[in-house]
Amino acid sequence: MTQQHEEKGPAQSPSTYEDAVEVARSIQPALNKLILIFQRTAEGSSLTTSQVSIMNQLRMRGPSRVSTIAQAELIRMPTASNALYQLERRGFVERHRDEEDRRGVLVALTQLGESELSIVSGQRAAALAEIMRWLEPEDLDTAREMGAVISKLADVYRPTMDSE
């Protein structure tokens, strides 16, 4: 995997790569450990993390084309198609023709999918709460503030994907 340091296109990141690497190196080991703990705590869920992410995209955006989902999830079209097929088999999403462009197909969350997503999201929030309850109240307040930063990072980071 190569590291790209040059800015491409009109968007410029507000921080330097060097500053970001310094922070990343300091939090990466603990972040890896927390991700692993969270994934193990959330094991046994009826949905994978990728499936939850796709379903959350559909909840936020509404019916979407497979290409839009793939781009939002930073995955390739065949990967998105396969994931959506698995969700469709379980009745969590459905496909229908785009009324604005009959050549296109939109994928939408079903009522069953919405219900399952709510259940799984609640389970995952409870699993994360179980981890976070070990923080001192002041640290929990800091974590609350960091939640906004983490959400912003998830929204603004858009790497370019090659077309292979």
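Let's start with Leu74. Leu74 sits in the loop between α3, residues 66-73, and α4, residues 77-89. One thing to keep in mind throughout: this is a predicted model. Now look at the backbone of Leu74. Its phi is near 60°, a positive value, and the residue is not a glycine. And the surface? Leu74 has a relative accessible area of 33%, so it counts as partly exposed.

Step from that loop into helix α4. There we find Leu84. Is Leu84 buried or exposed? Its relative accessible area is 0%, so Leu84 is buried. The cut-off for buried is under 20%. What does Leu84 touch, once we leave aside its neighbours within four places in sequence? Leu84 is in contact with Ile54, Val66, Ile69, Val93, Arg95 and Val107. Take Val107 from that list. Leu84 and Val107 are 23 residues apart along the chain. In space, their C-alpha atoms are separated by 8.1 Å.

Next, Asp98. Where does Asp98 lie? Find β1, residues 93-97, and β2, residues 105-109; Asp98 is in the loop between them. This residue is an aspartate in a loop, yet Asp98 counts as buried, because its relative accessibility is 11% and the limit is 20%. Follow its side chain. The side chain of Asp98 reaches the backbone nitrogen of Glu100, at 2.9 Å. Now set aside the neighbours of Asp98 within four places in sequence. Asp98 is then in contact with Arg65, Gly104, Val105 and Leu106.

Now to the surface. Which residues form a nonpolar patch there? The members are Val23, Ile27, Leu31 and Ile35. Together they have about 340 Å² of accessible area. Pick out Leu31. Leu31 lies in helix α1, residues 17-41. At 44% relative accessibility, Leu31 is partly exposed, because that value falls between 20% and 50%.

Last stop, helix α6. This helix covers residues 137-156, 20 residues in total. How far should α6 span? We use 1.5 Å a residue, so the expected span is 28 Å. If you try the sum yourself, multiply 1.5 Å by one less than the number of residues. In the model, the end C-alpha atoms of α6 are 29 Å apart, which agrees. How many of the residues of α6 are buried? The count is zero, and α6 is hardly covered.

To recap two of the stops: Leu84 in α4 is buried at 0%, while α6 has zero buried residues.

Key. Residues numbered from 1 in each chain as written. Predicted model: local features only at pLDDT ≥ 70, side-chain atom pairs only at ≥ 80, totals over all residues. Heavy atoms only, no water. Helix = DSSP H or I, 4+ residues; strand = E, 2+ residues; numbered from the N terminus. Buried < 20%, exposed > 50% of the residue type's maximum accessible area, 1.4 Å probe, protein only. Polar contact = N/O pair within 3.5 Å; in protein donor to acceptor, adjacent residues only side chain to side chain. Contact = heavy atoms within 4.5 Å. Patch = residues over 30% accessible without salt bridge, like charges linked within 9 Å, V, L, I, M, F, W, Y side chains within 5 Å. Areas by Shrake-Rupley, 256 points an atom, 1.4 Å probe, with all protein chains shown as cover. Salt bridge = Lys/Arg side-chain N within 4 Å of Asp/Glu carboxyl O.
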